[in-house]
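Work through the exercises below with the model open beside you. Each one sets a task, and a stepwise solution follows.

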2 protein chains.
Amino acid sequence: MTEPLFDRVALIGIGLIGSSLALNIRANGLARHIAVTTRRRETLEKAEALGLGDSYHLEATEAVADADFVILCVPVGVCGAITSEIAPHLKKGAIVSDVGSVKGAVIDQMRPHLPEGVDFVPAHPLAGTEQSGPESGFLELFRNRWCILTPPEGTDPAAIEKVEAFWRGCGSNVETMTAEHHDLVLAIVSHVPHLIAYNIVGTAADLETVTQSEVVKFSASGFRDFTRIAASDPTMWRDVFLTNRDAVLEMLARFSEDLASLQRAIRWGDGDTLFDLFTRTRAIRRNVIEAGQDTAKPNFGREPGNGEAAPGESTGS
Amino acid sequence: MTEPLFDRVALIGIGLIGSSLALNIRANGLARHIAVTTRRRETLEKAEALGLGDSYHLEATEAVADADFVILCVPVGVCGAITSEIAPHLKKGAIVSDVGSVKGAVIDQMRPHLPEGVDFVPAHPLAGTEQSGPESGFLELFRNRWCILTPPEGTDPAAIEKVEAFWRGCGSNVETMTAEHHDLVLAIVSHVPHLIAYNIVGTAADLETVTQSEVVKFSASGFRDFTRIAASDPTMWRDVFLTNRDAVLEMLARFSEDLASLQRAIRWGDGDTLFDLFTRTRAIRRNVIEAGQDTAKPNFGREPGNGEAAPGESTGS
């Protein structure tokens with residue numbers, strides 16, 4: 001094994017991303033010491049029981065002391081406050097990073113607090129599941145997924161290189177772009193899709209003509225895909241929408257315009273408009289599969305009947 | 001093996017559903033003879049090469065002669081025309097059924113053509129994948145999935161019972177309801193979800209600020225789930241929206257209203273409204289999993305790195 005990239009990494013927050021990072025740092029020898037910190041005693045105890053770190057701290061200020069790499073793995077809404085708290089305790093030459101799904105607002109909130117002599121390399125691993133908490137992390141989470149770095153202009157290239165090496169060490173592919181462009185891209189590939197998934201699940205829950213139990217029972221005809229996305233962490237996603245407001249509203253306006261035009265096509269029986277769109281979108285799925293971003297197996301490779309036992313099955317009816 | 005339910009089943013159309021039915025009829029001994037018919041010579045030849053039937057017919061009128069069970073496995077838009085064509089050739093006492101995703105319109109189109117002495121039991125198996133064609137069928141497609149029967153009032157109970165036994169023989173659970181209620185339920189659990197998936201994929205493809213290749217590359221952050229649904233058969237789905245117009249427009253109006261209210265919450269920074277919805281929707285996912293309608297595995301159990309090789313991986317970078 002080669003020399004570790006860092007002596008001491010401090011992970012602030014130990015949810016799905018933080019715990020998956022801890023497993024990677026250990027398995028891939030990326031640092032000599034993993035300091036884990038979270039404000040909730042119960043979560044910290046879980047992390048300790050799982051053996052995720054080398055030291056455990058309720059105070060972030062303790063965890064970052066002597067750390068040469070500090071990663072905020074918390075909802076974007078609290079990044080500013082935490083940075084302000086840890087700033088006086090950061091070691092000279094340390095690199096600070098994060099994993100937030102929004103970059104512009106996070107940079108605005110964190111940067112002003114950071115002292116001279118500390119490098120700031122914001123990062124966003126495009127990886128996750130609908131689950132959260134320290135017990136939901138796993139080693140392969142970042143494998144073959146993209147991690148986007150958005151270093152502000154003037155960042156030390158050596159620091160960027162180290163963070164890039166770190167993410168490659170976790171199995172990721174790394175791309176660099178501006179925070180502004182990142183936020184536009186993510187609005188369309190992630191934020192608006194999450195919003196409309198949350199929305200349709202809410203709409204379905206509120207109907208009077210169709211019961212909620214019918215919606216659940218017959219969900220396999222399409223709806224269940226949306227319920228998975230709509231089960232994502234509420235705090236994280238609230239913060240995403242509040243902090244990437246402009247890009248989300250811009251993409252949402254386009255989505256609604258396009259939907260209104262489909263609605264009109266349905267109302268007036270314009271089958272050609274529907275057919276043309278449905279053919280065009282099919283080609284994009286092929287591109288996603290060819291780019292290695294999803295499996296080509298039908299239904300995402302869900303095994304038929306596996307974990308899908310329907311009510312009544314056990315009665316033999 | 002018990003006595004087959006039917007002597008001769010005629011499958012009109014041999015796509016994903018038709019071919020999966022053929023495999024089930026054979027494997028589970030549900031009929032003595034499977035007559036396969038489709039208008040496209042190329043598709044019929046594929047079906048024959050796959051050995052799906054016992055006889056193959058370019059003319060539906062030939063296939064239904066002497067059949068005691070006739071199932072239309074075609075897009076709902078052509079059900080009426082096909083029924084009018086086969087009606088004079090139907091055997092007395094035959095049962096006619098279909099597998100359409102819309103029931104009211106299909107009944108309106110098929111029923112007037114059907115002669116006295118023929119029973120009509122419309123059916124809708126809530127099962128499918130994003131793939132189509134005779135080669136995409138598989139035996140387990142219907143296992144533990146629901147099949148909804150919508151027999152018009154006055155249908156012979158013995159015919160309903162036989163169709164129910166047929167679907168149970170394919171591994172399905174069976175439920176009976178009115179066509180009108182079916183169309184409302186499906187509008188929310190299937191039709192509108194498909195429409196918004198098609199729509200967001202179209203919106204993403206048309207952006208100027210984010211390239212289509214970026215959308216594809218970073219799709220794993222949520223968007224890729226939608227591309228799967230938006231890869232469903234264009235003809236089938238065009239017909240669904242044209243024939244279940246009223247229920248779809250009603251559900252779509254509610255969806256858009258709810259989305260406008262979320263948009264307002266984002267614009268005005270109302271985090272509580274967002275958080276409340278996101279918490280409520282999470283509970284519905286739990287219900288879907290408890291009802292056995294989806295796997296509890298993160299990301300639908302997609303294996304990390306499996307079929308997800310990212311560009312650059314093979315270069316060792």
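**Exercise 1. Find the partner of E130(A) in a salt bridge and place both residues in the chain.**

Step 1. In this predicted model, the side chains of R228(A) and E130(A) meet in a salt bridge, with 2.9 Å from N to O. The term stands for a side-chain nitrogen of Lys or Arg within 4 Å of a carboxyl oxygen of Asp or Glu. Side chains of opposite charge can pair when their charged atoms come close.

Step 2. E130(A) sits in the loop between β7 (123–125) and β8 (146–149) of chain A, and R228(A) in helix α9 (residues 223–229) of chain A, so the pair ties together parts 98 residues apart in sequence. Helices (H or I, at least four residues) and strands (E, at least two) are DSSP runs, numbered from the N terminus.

Conventions: residues are numbered from 1 along each chain as its sequence is written, and chains are lettered from A and ligands numbered from 1 in the order in which they are written. Local features need pLDDT of at least 70, side-chain atom pairs count only at pLDDT 80 or more, and totals for chains, interfaces and linings use all residues, while side-chain values use heavy atoms, with hydrogens and water left out.

**Exercise 2. Describe the interface between the two domains of chain A.**

Step 1. Set the bounds: domain 1 covers 6–177 and domain 2 covers 181–269 of chain A, as given by an automatic or database domain assignment. Their centres, taken over C-alpha atoms, are 29 Å apart.

Step 2. Count contacts (heavy atoms within 4.5 Å). In chain A, 17 residues of domain 1 are in contact with 15 residues of domain 2.

Step 3. Take the buried area, that is, the accessible area (1.4 Å probe) that two parts lose on being put together, summed over both. For these domains of chain A the value is about 1300 Å², with 67% of it on carbon and sulfur atoms. On the side of domain 1, S101(A), V102(A) and E130(A) lose the most area to domain 2, together 40% of what that side buries.

Step 4. Search for salt bridges across the interface of domain 1 and domain 2 of chain A: the rule finds one. Helix α5 (residues 104–110) of chain A gives the largest share of the domain 1 side that touches domain 2, three residues.

**Exercise 3. How many residues of chain B are in contact with chain A, and what joins the chains?**

Step 1. The contact count is 120 residues of chain B with 120 residues of chain A. About 11500 Å² is buried between chain B and chain A, and carbon and sulfur atoms give 63% of that.

Step 2. The rule finds twelve salt bridges across this interface of chain B and chain A. One of the salt bridges in the model links E175(A) and K217(B), whose closest N and O atoms are 2.8 Å apart.

Step 3. Find the main contributor: α7(B) gives the most to the side of chain B that touches chain A, with 21 residues.

**Exercise 4. What rotation superposes chain B on chain A?**

Step 1. Superpose the copies by least squares on the C-alpha atoms of residues with pLDDT of at least 70 in both. A rotation of 180 degrees with 0.0 Å of shift along its axis does this, at RMSD 0.0 Å.

Step 2. That is the relation of a two-fold axis. The same surface serves both copies, since 100% of the contact residues of chain B recur in chain A.
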